Amino acid sequence: YVVTTEKGTLTVTPAAFTASATPYDEFYDGQEHTIEVEIQKPEDAGEAMVTYSYEESGTYLFTTVSSFDTFGYLKDSYGNQLEANDDSGDGNNFRISYYLEAGEEYSIGVRTYSGNAATVKLLITKPEADKCGDNAKWSLEDGVLTISGTGNMFNYSWDETPWFAYRHDITSVVVEEGLTFIGSNAFQDCERLTSVSLPSTLKEIGIDVFWNCYDLESIVIPE
């Protein structure tokens, strides 16, 4: 199955699989790009491979929506496996987050553990670049990561924060007034982080927020 868009060509192989797709240049909700690929798996078929070249660099999220238990893996154009996952998504569906480079071709493998015919929807999502909560945004300048807005930040897996690719550049974190929750794993592996400033509006901090922040020397916590 092949769909050609203004952004590139998406293919689903092998030929035994049929699919329909809504490419992200045609599906945009103002907050994130999403490609929806509905895959029809024949009985006793193996795995589907969805190949696409992405126009924008950034962290992409791959997950399935299905009543079946799914397994997924991501490969680069040379066939090297970059990531694999089994049950991190909802209802035994896989969930993979990975930073992709613009112009490079990547393939996501989709497999069900059942030999039965199945319909599996693959969602490929690129979150809004500066969004880290429903009403929260982030910016990075001169090593200072600033979180602004109101309410809660999102929870993250360790490698899916929107600043993950820049984590080694972050030396200071400023969470501005109005934020009430810092998401899990938000600043994990920011190994050069030395200082953190938190707001008086903060009520809760998620798990492993500062895991592997070896150089962290001070956290300013308001009364």
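# Exercises on a predicted all-strand chain

The largest nonpolar core of this chain holds 25 residues, and Val12, Val37, Ile39, Tyr54, Phe62, Ile108 and Leu122 have the most contacts inside it. The structure is a predicted model, and the exercises below start from this core.

## Exercise 1. The nonpolar cores

Determine which elements give two or more residues to the largest nonpolar core, and which of them gives the largest share.

*Solution.*
Step 1. The elements that give two or more residues are β2 (9-13), β4 (32-41), β5 (48-53), β6 (58-65), β9 (95-100), β10 (105-112) and β11 (118-127).
Step 2. The largest share, four residues, is that of β11.
Step 3. Take Leu122, listed among the residues with the most contacts inside this core. Not counting residues up to four places away in sequence, Leu122 touches Ile35, Glu36, Val37, Ile39, Val50, Thr63, Thr64, Phe94, Ile108 and Val110.
Step 4. A second core, separate from the largest, has 22 residues, among them Trp163, Ile182, Leu202 and Cys213.
Step 5. For context, nonpolar side chains in soluble globular proteins tend to be buried together.

## Exercise 2. The largest cavity

State how many cavities of 30 Å³ or more are counted, and describe the lining of the largest cavity.

*Solution.*
Step 1. The count comes to one cavity of 30 Å³ or more.
Step 2. The volume of the largest cavity is about 50 Å³.
Step 3. Its lining consists of Phe17, Ile39, Lys41, Gly46, Ala48, Val110, Arg111, Thr112 and Val120.
Step 4. Two elements, β4 and β10, give two or more residues to this lining; β10 gives the most, with three residues.
Step 5. By class, the lining of the largest cavity comprises five nonpolar, two polar and two charged residues.
Step 6. Ile39 appears both in this lining and in the list of residues with the most contacts inside the largest core.

## Exercise 3. The second largest pocket

Identify the residues that line the second largest pocket and sort them by class.

*Solution.*
Step 1. The second largest pocket contains about 160 Å³ of space.
Step 2. The residues lining this pocket are Leu61, Glu83, Ala84, Asn85, Ser88, Arg95, Ile96, Ser97, Ser157, Trp158, Asp159 and Glu160.
Step 3. Two or more of the lining residues come from β8 (81-85), and two or more from β9.
Step 4. The lining of the second largest pocket divides into four nonpolar, four polar and four charged residues.

## Exercise 4. Aromatic pairs

Classify the geometry of the pairs Phe71 with Tyr73 and Trp138 with Trp163.

*Solution.*
Step 1. A pair of aromatic rings is described by the distance of the centres and the angle of the planes.
Step 2. Six aromatic pairs are counted. For Phe71 and Tyr73, the centres are 6.3 Å apart and the planes meet at 45 degrees, and the pair is tilted. Both Phe71 and Tyr73 are buried.
Step 3. For Trp138 and Trp163, the centres are 5.5 Å apart with 65 degrees between the planes, and the pair is edge-to-face. The cut-off for this class is an angle over 60 degrees.
Step 4. Trp138 lies in strand β13 (residues 136-141) and Trp163 in the loop between β15 (151-152) and β16 (172-175), so their pair ties together parts that are 25 residues apart in sequence. Trp138 and Trp163 are both buried.
Step 5. Ring pairs link Trp138 and Trp163 with Phe154, Tyr156, Phe187 and Phe210 in a cluster.

## Exercise 5. Two loop residues

Decide for Glu104 and for Ser184 whether the residue is buried, partly exposed or exposed.

*Solution.*
Step 1. Glu104 sits in the loop between β9 and β10. Its relative accessibility is 38%, so Glu104 counts as partly exposed, because the class runs between the cut-offs of 20% and 50%.
Step 2. Not counting residues up to four places away in sequence, Glu104 touches Tyr52, Ser53, Tyr54 and Ser77. Its C-alpha atom is separated by 9.2 Å from that of Ser57, 47 residues apart along the chain.
Step 3. Ser184 belongs to the loop between β17 (179-182) and β18 (195-197). With 12% relative accessibility, Ser184 counts as buried.
Step 4. Leaving aside neighbours within four places in sequence, Ser184 contacts Phe154, Asn155, Tyr156, Gly206, Ile207 and Val209. Of these, Phe154 and Tyr156 belong to the aromatic cluster.

## Exercise 6. The whole chain

Summarise the secondary structure, burial and contacts of the chain.

*Solution.*
Step 1. The chain has zero helices and 20 strands.
Step 2. Of the 223 residues, 43% are buried.
Step 3. Among contacts between residues at least 6 apart in sequence, 58% join residues at least 24 apart.

Key. Residues numbered from 1 in each chain as written. Predicted model: local features only at pLDDT ≥ 70, side-chain atom pairs only at ≥ 80, totals over all residues. Heavy atoms only, no water. Core = buried A, V, L, I, M, F, W, Y, C linked by side-chain atoms within 4.5 Å. Buried < 20%, exposed > 50% of the residue type's maximum accessible area, 1.4 Å probe, protein only. Contact = heavy atoms within 4.5 Å. 1 Å grid on protein atoms, 1.4 Å probe; cavity = no way out; pocket = protein on both sides within 12 Å on 5 of 7 lines; lining within 4 Å. Points joined across faces, edges and corners; volume = space filled by probe spheres on them. Nonpolar A, V, L, I, M, F, W, Y, C, P; charged D, E, K, R; others polar. Phe/Tyr/Trp six-rings, centres within 6.5 Å; stacked < 30°, edge-to-face > 60°.
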